[in-house]
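Q: Could you take me through one helix of this model in detail? I would like to see how its different sides relate to the rest of the chain.

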Amino acid sequence: MSFSITENVTWVGKIDWSLRRFHGEELSTHRGSSYNSYLIRDEKVALIDTVWGPYAKEFVEDLKREIDLKEIDYIVSLHGETDHSGALSALLKEIPGTPVYCTANGVKSLKGQYHEDWNFVPVKTGDVLDLGKHQLQFVEARMLHWPDTMFAYLTGEEILFSSDGFGQHYASEMFFDDLVDQGELWFETMKYYANILNPFSMMVTKKMAEVAEMNLPLKYICPAHGVIWRKQIKEIMDRYVAWADQYQENQVAIVYDSMWHGTEHMANAIVEGLRKGNPELVIKVCAMGRGDANDALTEIFKSKAVIVGSPTVNRGVLSTIAAMLSQIKELSFKGKKAAAFGTYGWSGESVKHITEELSAGGFEIIHPGFRAMWDPDETALAECRKMGEEIATALK
Ligand code: FEO
């Protein structure tokens, strides 16, 4: 399928309604995704990106219905990750020798993945591809989120092709930001930023300043996933600036798992204390036994503080919490506070372990944490309420 964005620019990608895990099994995609490819028709014809490998054949067949492939003069690969380059091999078998414009790191990435010596044309910031009436201006966007990533700006149409930046894993036949459910759109946009781009926030800040400095007129931002921004361009750019700057709302996230409900009882008592300490504070409780790690990480992204709980198991923590601590560290959150809690039966290392991991992850520890032996009794629960109250007060 395809749809027109402007008279000269057509979306020719793939909407993947059934996708539920991405990056292997690492990232949840509750609302599917899309792999956006764009065809620009001018005196010369350029194709920007392709789709994920499993859809390569379908993509090439659909593209043949849209255009005689021999009319494609240039392929632009903004980013070599396989969800965007996965159909290059199939496409270049049909039109061998077509130049592939990408960054120098893009050449390395594509060669490393496909082991083909295609007709690469390395480009860098400031380089221009003349299509006739329109030009594509390239802007490198290193580490947003791979070393090879670049943006491309189409003059005349005033379109920024932004690769993964400003994207969402969000399948929709409505195509544009103003036509979809706004709650879903903004949740998925934030989840994408929190789980994929947050570690590179310093680069986001620099790139947003650079783009602002360029003062480009913008009618559309066309990302590599999800809907096209046309009505909320300033809003999405402002939010990226805010998200990259140690973002937090008046929220605290409790992330825990429990074996026999003891740590759960502690979590509930901490919630009571938090509410008593600051009724304005938004409290999100993420029970990780059945919870979604990426949704929980999004709640941490929004929070001033995270309180992590696990019982002690074999001198460590439950595997759900071990995995969460690993991901929390990888995402390089900045400016957030943390504390730990958990039950134990004999050795009782979990609180110390969680606290050390959160500290190593850059969190400021605002409470020494609390551990309760066996199932917490009323004295222990009162201590949990006190802990919640103290944390809420410290977060004011
Ligand atoms: Fe959507 Fe980094 O690939």
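**A close look at helix α6**

A: Happy to! Keep in mind that this is a predicted model. Let's begin with the side of α6 that faces away from its buried residues: there you will find M202, K206 and E213, which are exposed. Here, exposed means over 50% relative accessible area, while buried means under 20%.

Now turn to the other side. The buried residues of α6 are S201, V204, K207, M208 and V211. Around the helix axis they cover an arc of only 115°, so they sit on the same side of α6. A general rule helps here: an α-helix has 3.6 residues a turn, so residues three or four places apart point the same way.

What do the buried residues of α6 pack against? Their partners are two strands, β13 (135–140) and β14 (150–154), together with two helices, α5 (182–197) and α7 (233–243).

Next, try checking the length of the helix. α6 has 14 residues, from 201 to 214, and at 1.5 Å a residue it should span 20 Å. The C-alpha atoms at its ends are 20 Å apart, which agrees with that expectation.

Finally, follow the chain past the end of the helix. After α6 comes N215, and its phi is positive, near 55°.

To put the picture together: α6 has S201, V204, K207, M208 and V211 buried, while M202, K206 and E213 are exposed on the face turned away from them.

Key. Residues are numbered from 1 along each chain as its sequence is written. This is a predicted model: local features need pLDDT of at least 70, side-chain atom pairs count only at pLDDT 80 or more; totals for chains, interfaces and linings use all residues. Side-chain values use heavy atoms; hydrogens and water are left out. Helices (H or I, at least four residues) and strands (E, at least two) are DSSP runs, numbered from the N terminus. The expected span of a helix is 1.5 Å times one less than its number of residues. Buried means under 20% relative accessible area, exposed over 50%, partly exposed in between (1.4 Å probe, protein chains only). The arc is that of the directions from the helix axis to the C-beta atoms. Contact means heavy atoms within 4.5 Å.
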